Amino acid sequence: MAKTLYTRLALGLFMLLVTVGVLYSVISWYSLRGYVTSVNQQLHRDLAANLVQDRNLVDEGRLNQAALKELFDLYMTINPSIEIYLLDPRGEILSYSADPAKIKRKRVSMAPIRALLADKGAYPILGDDPRSHERRKVFSVTPIPSARQPEGYLYVVLRGEEFDMAEVMARNGHFIEMSAWAVGIALTVGMLAGLAVFRLLTRRLSRLTGLVERFETADHGHLPSERWQQLRPQVRDEIDYLGVAFDRMAERIASQIDQLQEKDALRRRLVAQVSHDLRTPLASMQGYVESLRMKRQSLSEQEQEQFLDIALAEGRRLSRQVDELFELAALEAKEKRPQPEPFPLPELIHDVAQKHGASAAEKGITLAVAGIQAMPLAYGDLGMTERVLDNLIGNAIEYSPADSQVTLTLAQRDGQLELEVRDQGPGIPDADLPHVFDAFYRGDSGNAPGHAGLGLAIAKRIMTLQDGAIRVANRPSGGSAFTITLPPAH
């Protein structure tokens, strides 16, 4: 519970309110103290002058010592909050109304006295406290017997020792009690209001957390039945935006899990197919070699040569399938990347056609090159493009009947360079056309012996990597037509 966001917010609010309350009390105390000091000095700024006038301290231009002593005795009894001192012109203390045992100074500074006499509107001005070497207090002062011929000053400390003791008692008692009540009430009200606000804010976060937990514990690939956009159709703040972002993330994760499951199923199917395709020539090769070894004495030389030729053909078939498998894996992993460069496509076509001329002639098939011969340079990987052409022309020769023709037609359409490889074979069933470029795919028509269904998948991947394209279609007159497209060089 202590680790929840709501608890942490509540604890943070509590600490914040306590800090604010303490700072408020301290600031209020010092502000109030300064204010009271100023008001006290302002209210009693003429107290010293009134005492001189009311108590007849000056008689015929001279200080009346008897009246002064009577004043000291009187104010020590009826108003212990003030202390009265008689000073000479240099600030020396001549007499006073306070307890003699508590007087620590023999002289007070004249600078505050002159400042107050010069400007009685300046508040507060603090003077020396005769009871302490460090403390300073507000005061009232007047020259005696007159301002024109001062023989001394009547110096009245407005907050005497009795007042300080009473103030300390009040501060330690009533003020602290009132401050504690004020801070406590403010803290309670603020805490309750803050907790209510935090509950409103964290309630949606709790619901979003519940959605995340349900998605986490649900079956992989299944979206939660409850969506944030169903709960909050309108996005109003960051929490709603986070909820919508979670919905989108959950959709992507579910989609990716579905794709991974599909790819895993495909991988299993491919592994099974590869195992079958590799096992077939291997088993055939092994069978003929074992037969040759066991029956060597009973076989004629011609039969032995036949067995060896078949075993060698199966070994080459196996080698070709392994090479194609590694080539496709390298292309899929992008370990083998094209190195595009400008090259003349017609020259490449003639070279590849010449290379396959012998195998075509063995079946009585004619290789014909037609179409535009003067065209811009193509932009692609020369070696990879030749690999694609070898596959297409080889397949066309293999599937074409004897005494037919394989036509290689060059064209330029929509700013792209095209080469069509057209044969006169049986064509491709319509159901198989969408899958001819899938690895290991075999349609009902069946592939020729020795083919694992990787050649066209490799061709498709090569053309995609070099920003080209490859497509297939059946001809109305019979046979199939494979077309590759390459961009021109700029």
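Here is a walk through two parts of this predicted model, a nonpolar core and a well-covered strand.

Let's start with the core. The largest nonpolar core takes in 40 residues, and Leu345, Leu392, Leu408 and Ile484 have the most contacts inside it. Quite a few elements chip in: at least two residues each come from helix 8 (301–332), helix 9 (345–355), helix 11 (382–399) and helix 12 (455–465), and also from strand 11 (405–413), strand 12 (416–422), strand 13 (469–474) and strand 14 (480–486). Helix 11 gives the largest share, 7 residues.

Leu392 is a handy place to stand and look around. Setting aside its neighbours within four places in sequence, Leu392 is in contact with Val421, Leu456, Ile470, Phe482 and Ile484. Ile484 turns up again here, having been listed with Leu392 among the residues with the most contacts inside the core.

Now over to strand 7, which spans residues 152–157. How many of its residues are buried? The count is 6 of 6. In a regular strand, side chains alternate between the two faces of the sheet. In strand 7 both faces are covered, with Gly152, Leu154 and Val156 buried on one side and Tyr153, Tyr155 and Val157 buried on the other.

What does strand 7 pair with? Strand 3 (residues 83–87) pairs with strand 7 in the antiparallel sense over 5 bridges. Strand 6 (residues 136–144) also runs antiparallel to strand 7, joined to it by 6 bridges. Val157 is a good residue to follow across these pairings: Glu83 stands opposite Val157, and Val157 is also the bridge partner of Phe139.

Notes
Residues numbered from 1 in each chain as written. Predicted model: local features only at pLDDT ≥ 70, side-chain atom pairs only at ≥ 80, totals over all residues. Heavy atoms only, no water. Core = buried A, V, L, I, M, F, W, Y, C linked by side-chain atoms within 4.5 Å. Buried < 20%, exposed > 50% of the residue type's maximum accessible area, 1.4 Å probe, protein only. Helix = DSSP H or I, 4+ residues; strand = E, 2+ residues; numbered from the N terminus. Contact = heavy atoms within 4.5 Å. Pairing = 2+ DSSP bridges.
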